[in-house]
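Student: I should like to examine how the descriptive terms applied to a structure follow from their criteria. May we work through one example?

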Amino acid sequence: MTDARTPDLERIDALMVESLIDGLDDVAQRELDTMLADAPVVERDGMKKVVAMIDQAWASDESAGELPASLRQQLSDDATRFFDAQPAARSIDADPHASFGPIVTRFARAGWYAAAASIVIAILGWWQVLAPRDGAERLTAQTMASFSRDHADSVSGDWTSSIPKYAKVEGELVWSDAEQTGYMRFVGLAANDPDREQYQLWIVDPDRDKHPIDGGVFDVPTSGEVIVPIDAKLIAKAPKVFAITKEQSGGVVVSAGPHILVAKIES
Amino acid sequence: MDVDQQPLLNRVAAGDAEAVQLCIDRFGALVWSLARRLLGNAAEAEDAVQEIFIDIWRNASRYDARVASEKTFVAMIARRRIIDRRRRLGRAPEMETSELDRLSKPDETEWLSSVETTDEVSRAVDAIRQLKPDQQQLLRLAIHEGWTHQKIADHLQIPLGTVKTNVRRGLMRVRELLAANTVPGERTVTS
């Protein structure tokens, strides 16, 4: 029996190429993610692989030169912090293919990601895990509860606002230093038009830097309850405050504020 | 299998500190090169490289040697991060007008003459060389130079839709050629 949901491979290719050259807005990314969920496995990363192979061909003929020594050292320091924050119970597999088993099993062994997120990941495929963008539509409050229960180091904070317009917004966040991820829940945050503006998360980690870490942009499709995964762009060693701003579509590198919502980590 | 014979990324996933350093040494120049080329700004490129390597550490456990080489896996992560960053910044790399003019000439294809020719890279180079000159030019501008579809359309004075269609067809052709030259046992990149 054949699957009635025949994927539009031409449309997948068009969106894939767009994502690799220009990038996709959230609406197009969601369309691609949805189509890929029904596509044959080989279609999901085929075009990415082609472009990656071309990138290598041309990168080897570059004048950019070697990695700067200072950046090389920074990468090494970043890696040390990253792996220091990971669970210690890992071992090298004797079987080189052992880590290629079912993805949920790998997640469970490594313990790097929340179990609920792993289920979404297993459905979407490993290539989409690099930056799942439609998590807000798939996650539930139970995801956060499970995350807190499964990560002993998780911390939390409640959203508050000094701006009257946002004073009635409720919700909280959970975060794990070890996992370098977490989830945010909002109730009553106004839906945004992704083509005009997006919400952006900032993570304040005084131990790391005086500048807040970009936590990524996200959309609120409905003013009801939404759950958003946290995608920190750099390592947050011990964040103390999480803040939300509203920015132009795509986000900004440095925000002029204001912080419409703030969550202080409860000590 | 001996630990040293395992793919670096599998060792990284297991927390092997030596493998992490080897990984930076082996893939650092590739990631740096992509970031410099596609972002065009050294400071932005440095931030991007840091983000990319964090992503590599996070995703190392998902590496599958049957799907792609480690370099290809790293390049896939790198491009995704760089394009995301560029979207956030809202710009494509800037170039002098003279450089734009030079890149707009379809006969400027010497960029393929001295590239590394091994494994997947060799196959990619061979595939690109089989494309028509105008297809090579579009792929060079879109992928190598990091131009957006719109920037290509504006500079070459070609309709945006035509640029998108021709870039996509060029990549599909490369994919077909790569699939026809697939190593036995390796997963193909097309259906």
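Student: What pattern does chain B follow when read along the sequence?

Tutor: This is a predicted model. Along its sequence, chain B follows the pattern α-α-α-α-α-α-α-α-α, with 9 helices and 0 strands.

Student: What makes helix H7 of chain B largely enclosed by the rest of the structure?

Tutor: A residue is buried if 20 or more other C-beta atoms lie within 10 Å of its own. In H7(B), which spans residues 133-144, 9 of the 12 residues are buried, so this helix is largely enclosed by the rest of the structure.

Student: Which residues of H7(B) are buried?

Tutor: They are Gln136(B), Gln137(B), Leu138(B), Leu139(B), Arg140(B), Leu141(B), Ala142(B), Ile143(B) and His144(B). Just after the helix, Gly146(B) takes a positive phi of about 75°. For chain B as a whole, buried residues make up 50% of the 191 residues.

Student: Why are strands S4 and S5 of chain A said to pair?

Tutor: Two strands pair if DSSP finds at least two bridges between them. S4(A), residues 197-204, and S5(A) are joined in the antiparallel sense over 4 bridges, so the criterion of at least two is met. As one instance, Tyr199(A) has Phe218(A) in S5(A) as its bridge partner.

Student: What makes S5(A) mostly covered?

Tutor: The strand comprises residues 213-218, and 6 of its 6 residues are buried. Each therefore has 20 or more other C-beta atoms within 10 Å of its own.

Note on methods:
Residues numbered from 1 in each chain as written. Chains lettered and ligands numbered in written order. Predicted model: local features only at pLDDT ≥ 70, side-chain atom pairs only at ≥ 80, totals over all residues.
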